[in-house]
Amino acid sequence: CWVVNGLVEGGNAHRAGVRRGDIIISINGLSREQVSLKELKKMNRSDEDWKVVVKRDNTTLEITFKKEKY
């Protein structure tokens, strides 16, 4: 599984509600098994919002946020 180990304080994901320790179930509808390095790079280049499903304290949450632009 993917576990959020760090966030940019005040960044888009943090402001949207992603927290350290969240377990990422899916990104943009794709499970961890479906997201290859190639697919992740493609998502990162896209202007599409990020929609993540996370598990936190036995609760599943869907969080959407705009990708950071550097």
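1. Residues with under 20% relative accessible area are taken as buried, those over 50% as exposed, and those in between as partly exposed. On this scale D49, with a relative accessible area of 31%, is partly exposed. The model under discussion is predicted, and the points below should be read accordingly.

2. The nonpolar interior deserves attention at the outset. The largest nonpolar core has 13 residues, and V18, I27, V52, I63 and F65 are the members that touch the most others. Strands β2, β4 and β5 each contribute at least two residues to this core. The largest contribution comes from β4, which supplies 3 residues.

3. Side chains of opposite charge can pair when their charged atoms come close. The structure contains 4 salt bridges; three of them are described in the next points, each with its place in the chain and the accessibility of its partners.

4. D22 and R56 form a salt bridge in which the closest N and O atoms are 2.7 Å apart. D22 sits in the loop between α1 and β2, whereas R56 belongs to strand β4, so this pair ties together parts that are 34 residues apart in sequence. The accessibility of the two partners should be noted separately. D22 counts as buried because its relative accessibility is 1%, and the limit for that class is under 20%. R56, with a relative accessible area of 25%, is partly exposed.

5. K66 and D49 meet through their side chains in a salt bridge, at 3.2 Å from N to O. K66 is located in the segment after β5 and D49 in the loop between α2 and β4; the pair therefore ties together parts that are 17 residues apart in sequence. K66 counts as exposed, its relative accessibility being 55%, whereas its partner D49 is partly exposed at 31%.

6. A further salt bridge joins the side chains of E9 and R20, with an N to O distance of 3.5 Å. Both residues lie in loops: E9 between β1 (2-3) and α1 (12-16), R20 between α1 and β2, so the pair ties together parts that are 11 residues apart in sequence. E9 is exposed, with a relative accessible area of 54%. R20 is likewise exposed, at 51%.

7. On the surface, K38, K41, K42 and R45 gather in a patch of positive charge. Of these residues, K42 may be placed in detail: K42 lies in helix α2, which spans residues 37-45. With a relative accessibility of 53%, K42 counts as exposed, because the limit for that class is over 50%.

8. Two backbone angles merit a check. Phi of N28 is near 50°, a positive value in a residue other than glycine. N28 is found in the loop between β2 (23-27) and β3 (30-31). D57 also has a positive phi near 50° and is again a residue other than glycine. D57 is placed in the loop between β4 (50-56) and β5 (59-65), and its relative accessible area of 71% makes D57 exposed.

Conventions: Residues numbered from 1 in each chain as written. Predicted model: local features only at pLDDT ≥ 70, side-chain atom pairs only at ≥ 80, totals over all residues. Heavy atoms only, no water. Patch = residues over 30% accessible without salt bridge, like charges linked within 9 Å, V, L, I, M, F, W, Y side chains within 5 Å. Areas by Shrake-Rupley, 256 points an atom, 1.4 Å probe, with all protein chains shown as cover. Lys, Arg positive; Asp, Glu negative; His and termini not counted. Charge placed at Lys NZ, Arg CZ, Asp CG, Glu CD. Helix = DSSP H or I, 4+ residues; strand = E, 2+ residues; numbered from the N terminus. Buried < 20%, exposed > 50% of the residue type's maximum accessible area, 1.4 Å probe, protein only. Core = buried A, V, L, I, M, F, W, Y, C linked by side-chain atoms within 4.5 Å.
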